[in-house]
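Q: Please take a close look at one part of this model, the place where the two chains meet, and describe the charged pairs there along with their surroundings.

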Amino acid sequence: MFERTLVDLIRGIRNHKKNETKFINQCINEIKEELKGDMQKKTVAVQKLTYIQMLGFDISWASFKIVEVMSCNKFSSKRIGYLAASQSFNEGTDVIVLATHQIRKDFLSSNQSEAYLALNCLSNICTTDLARELANDILTLLSTQKTHILKRAITVLYKIFLRYPESLRPAFPKLREKLDDPEPSVVSCSVNVICELARRNPKNYLPLAPVLFRILTNTTNNYWMLIKIVKLFAALTPHEPRLGKKLIDPLTNIINSSPSVSLLYECIQTCITGMSDHIPLMKLCISKLRTLIEHNDQNLKYLGLLALNNIMKIHPKAVSEHRDLVLNCLEDDDISIRLRALDLLPGMTSKKNIGDIVFKLLDHLDNAEGQYKEQIIEKIIELCSMGTYQFITDFEWYINILVKLSQIQDSIHGKLIASQLLDVVIRVKIVRAYSTRQMIELLKNPKLMSNPTEGGMCEVLYAAAWIVGEFSGYVNRPIDALEAFLQPRVCVLPSHIQSVYMLNSLKVFSHACAKANGDKIPSLDDDDEEEEAQEEEDQNEITHEIVQECLEIIKSRLTIFTHSIYLNVQERACLINELLSFYTVTKEQGNNISKELISLFTEQLNPVGPKAQKKVPIPEGLDLDEWINDPKHQEPIEEDEDDDIFNTSTSSHQKKHHKHHRGGYDGDDDEDDETNSSHSGHSSSNFNRHPIDIQRQKEERLRKQANNPYMLGGKVSKKLSTNDPENIPVVQLTGDLGHLHVGASSNRPMPSKGSKKTKKHYTIDTTTEMPEGAKESDDEDEKDNKYKNDALSNINLSEPLTASDVLHTSRHRTDIIKEKEREMAMLAKKNAKLSPKSPPSTANYSEVTSPEIAPAKKATKKAAAGSNPPPPPTAKKSSKKPAATSSTTTTTKSTQAAAAVVAPPPVIVKKVLKTILDDDNFKITCEILKVSPSNETDNNQIKLTMKVQNKTDEDMSDVSISLKNPAEQCVSIKNSGEIGVLEADASTTHTELLNVVNVLNSQELQFTLLASPSSSPSITNQLSIDLPFSFFIVATKLPKDKFAEILQKSGQVSAMDSTKITGQSLTMPLVIEKLAQQLSIEVVQAHPNGQTASFYAKTTQNHHIAMLVKEKDGNISFDIKSPQSLLNQILVKEIAQLTFSSK
Amino acid sequence: MIKSILIINNHGKPRLIKFYEHYSEEKQQQIIRELFLLVSKRTERSCNFLEIGNNSNIFDKDTKIIYRHYATLFFIFCVDSSESELSIIDLIQTFVESLDKCFENVCELDLIFHIDKVHYILDEMVMGGLVLETNPTIIFSNYEIQNKLEKAENPLLSGLAGVMQTIKPNK
């Protein structure tokens, strides 16, 4: 059968334009068949799948086949496989684990191109598992000399950190080193990664500032990297003000002289974030931005405006000078530029020009559409409402603008305009009469009702209706208003708007009644403009006939609403219906209840602070986490609870009434609204019982509680006495719903004990209602950091590495099994105490080899092949064994030197913590770190971190620690210098970076500690630190033939020494394990009888070490061969210090 | 970080997609559609940056879209705030120059029929969303090394491919 190639597939798809999907599905079926074929077919099939994936088809079903193609030996197939994997694998692809080994093998491959593929693919598909498994190998790769591999390894590190954040700490020192790499492109890649990391947690990277600064000042041509560094500084400067000062000069330089606009631009951005207090620099930035904005290049114009906007947030005045420039940009063809110019307008606006700017924007609005249109509406409102309308001088003008905005079709800003209308009318009393007239017009306007959708422009009607109702004192022709309220089209509006219509029609009617009767209208009593309003009314007297007419209108039109499908509308309509019937009946009896009607709506309304609810202070003594009732004894209070249930259910029901009654703009936050209503809504006297009733009930409840053994006594009653429960709406509203007093007697408002708020009256009422005791501060706005809960950004790099900072190293399954076997064997041996006759042991290394391979050995070999580098002890394990390998410290007075040697994980960091001095004056602990053992250049570098503590109670001056060893042994590369003054009881750290020149004669580091106490003669202390030789051993897996070769070559291992460990009943597996763990000496071959084994290791200075170990009756003898007997002696010493305690 | 790199033609057909953050195939297509909608509205006079509304349900807030239009193709890069806008514009130029070196006067058809090559070149330039190399010459030479390896492996097939390439597919 002839298969389609990729080109055939693409051609086919192009030829089947009409039924592409059908054709592709047909191809997928063919591909499914081809995937069963040989590798050649599979490869082509996978190639086709990659193409199909681009067209939006899921190819996850083929993941396994992709892994197969990835694993193919042929580069061309491998390439196709990796590409397919990059495009389609993700965290959910389960077969990714199968690829782990293949990826590792490939990026360690000698073929660079294969390594590229694997690294590239890993950076795309890195999952948590892959990251954990491969982190170690990537780190080893960082030591490579091949620039292109190195660049990729650095880059892929970022993905490893992202998925496996624990790796950041152990790996960071290596990454940091790469900033000093001689190859600029390597530095560039490291900067890239660090830049990404620093975005998440800038503080971690502050110590890098000097290095970065050096790169910044020394690099001239690599703009990409410079931009990244400048961006990096933008992240760092907010955390270190001194850095900003330091940067002023170099950045000014770049801004003035750099030929690269992109670099210039990023410098300006960094200056804005970090150095905004430096006025000359800011001036320079603004002038440069001006040239960018005036530039012909649209991109520069856009970015210039963007940056200007950032400056405006800090220095609004400086930016407002460039008003002309910004206003010009409003005329630009490009919408993006116009939008950015819009952003700048708030900084350009003043009392004088707000009119012009808004008219200009309205002009734009005519031709605008979509997003731009919405943005303009938003912006007009933002400009006008800024600083609680500080720029508005004529509010009638503003109401007109809002009305104009409400005429725009299909805008999403109905709610915004509505809330503005409400806000203005509530805050600015003088504009109420005018607005009421405008709102009636709005209500009559059929345009707004033409296509009502919730959240659309019809929301404006909500505000309009409420304003007309609330301020119906200003309504001259109630008939007009009522006709607008009750027109049949209202039925198409969203239910919440209809509800408002209902209640407000009642308000209008009540007012009309009151006016006709000549009743005093309380709400207008204290208003200055009342007279004016009254005057207007005089021209248009409301007569009883008009009221009658109103009544007729309501009665006749209300029917559609009493049958409304919306419950809340129906409820209100029915209520009004009943009320009006009551009105008619009483009127016929000769009583006019217009006074009572109007009293329903008399309470004043004040604006409520946007965060009022949040700021209600927690009453003293109230602990919300504390049980109010003992949870165990809940049942006995049943009686009480019953009561509560009743209370809450009815009260919530009433609250609803209450809220709508108030008719305030009902935003999203219902909860807020409810509290507001209780504080500042209309008096709800009619719903409340007489205060005496409440008082009586309260007393009764208190008495009950006092008698109830299950009530928490003291606290609760205290709370009750200090904070009247009557303040809480729930309690306040307790009452039987049935009693709807409309009689004159219940007319007096509730004595409001709780709401002590003073109601103020302003021309522009900028005050907002806040709960008593609310804090003035605005600190509640938390900065929105998207990385707040991100594991990677929570990693702290400033702490020194500890034993737990070890990368995960995969261990072969057989390894673990083997370990268990060993343990079992140990136990068995111990129990049996057998001493079987040992076979004739051979003294010759080469004879250890046995022709047949025993199962145990097989396992060892497998383990060796399976995990490369060799499995180090896990952190957990090493901490279990605080072995005292090199427990003898030669400190002068150290008696209890608790030198704990943590078995060094042989791969990345070897570390030992020792107390080197503990006398009357000082305590010095030293942490010895071996960093990067695989990097050839600094393979013998040791980092010492000494913690020096002054134990005396007097200050020490001139404290210094200096290395004494001769230069042929080791040299200090870098140290933290003289400590200087160390105050009493204080401690400090001294760091020393050493290069061990000759590993064979540097087992002991000598330091001199000098100090001058203030009252006694100066102190000189000799410090000596034992360096574990394992620091200089490189674990090396050697095949047995190579091993034999080394032994045979004369001179390679000429010196031979022997040593013995006796009386410990040791077994060979244990010895193998311990040698590998503690000395990094790996087994080459073990005799199946478990009594002889050969070992090999290499020092960092390439001395070969060969060992033959024999076990006899639990005693172990070691034959050591190496080039120098000095080395042998060292090893003998180290072996003597080996710890074999198995637990 | 670069979040995604897309090449879309004037009719909204994807010619290259590379997502450095995971999206389902469905979502990928949605992104392509949405981006095309945005990009196709732009005039030649417009700047190379796209505005994303706050209410986009596809892109998160920290997304900048930078594109360039070459003949029949839109090159679109979605990046986050750690990238500089102007250098991304330069990067697009680098990408196109590298493609030009590879295909000699690159046109849409080259991309259609040699999508894998485009991927390989891109991989030499951007890796996992981080920029690896910005020099077109180095990008191309790295790419060539791998091609040679492929050719050496299978001289017959590569010869055939060469022939196929010379007979450029007619549209």
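**Salt bridges between chain A and chain B**

A: Arg42(B) and Asp334(A) form a salt bridge in which the closest N and O atoms are 3.5 Å apart. This pair crosses between chains: Arg42(B) is in the loop between α1 (25-40) and β3 (49-50) of chain B, and Asp334(A) is in the loop between α19 (323-329) and α20 (335-348) of chain A. The model is a predicted one. Arg42(B) counts as buried because its relative accessible area is 14%, under the 20% cut-off. Asp334(A) is also buried, with a relative accessible area of 1%.

A second salt bridge joins the side chains of Glu150(B) and Arg79(A), at 3.2 Å from N to O. This pair too crosses between chains, with Glu150(B) in helix α5 (residues 136-153) of chain B and Arg79(A) in helix α5 (residues 75-88) of chain A. The two ends fall into separate classes of exposure. Glu150(B) has a relative accessible area of 25% and is therefore partly exposed, whereas Arg79(A), at 1%, is buried.

Charged side chains from both chains also appear in a network of salt bridges, which links Glu196(A), Arg199(A), Asp62(B) and Asp80(B). Between chain A and chain B the count is 8 salt bridges. On the side of chain A that touches chain B, the residues divide into 28 nonpolar, 22 polar and 18 charged. Over all chains, the count of salt bridges comes to 42.

The wider interface can be described by contacts and by area. Contacts between the chains involve 68 residues of chain A and 63 residues of chain B. Together the two chains bury about 5,800 Å², and 52% of this is on carbon and sulfur atoms. Of the area that chain A buries against chain B, 13% is supplied by Met54(A), Arg79(A) and Trp224(A), more than by any other three residues. Arg79(A) is thus named both here and in the salt bridge with Glu150(B). Polar contact between chain A and chain B is found for 28 residue pairs, both residues being at pLDDT 80 or more.

As for the partner itself, chain B has 6 helices and 7 strands. From the N terminus on, its elements run β-β-α-β-β-β-α-α-α-β-β-α-α. Chain B has 171 residues, of which 58% count as buried. Among the contacts in chain B with a separation of 6 or more, 52% are between residues 24 or more positions apart.

A salt bridge within chain A can be set beside these pairs. Glu571(A) and Arg572(A) form one, with the closest N and O atoms 3.9 Å apart. Glu571(A) is partly exposed at 37% relative accessibility, while Arg572(A) is buried at 7%.

Two further points concern chain A and the cysteines. Gln498(A), in helix α28 (residues 495-517), counts as buried at 1% relative accessibility. Leaving out residues up to four places away in sequence, Gln498(A) touches Val490(A), Cys491(A), Val492(A), Leu493(A), Phe561(A), Ser564(A), Tyr566(A) and Val569(A). A search of the whole structure finds 0 disulfides. Cys27(A) is buried at 2% relative accessible area, and Cys329(A) is buried at 4%.

Conventions
Residues numbered from 1 in each chain as written. Chains lettered and ligands numbered in written order. Predicted model: local features only at pLDDT ≥ 70, side-chain atom pairs only at ≥ 80, totals over all residues. Heavy atoms only, no water. Helix = DSSP H or I, 4+ residues; strand = E, 2+ residues; numbered from the N terminus. Buried < 20%, exposed > 50% of the residue type's maximum accessible area, 1.4 Å probe, protein only. Contact = heavy atoms within 4.5 Å. Disulfide = S-S within 2.5 Å. Buried area = accessible area lost by both parts, 1.4 Å probe. Salt bridge = Lys/Arg side-chain N within 4 Å of Asp/Glu carboxyl O. Polar contact = N/O pair within 3.5 Å; in protein donor to acceptor, adjacent residues only side chain to side chain. Nonpolar A, V, L, I, M, F, W, Y, C, P; charged D, E, K, R; others polar.
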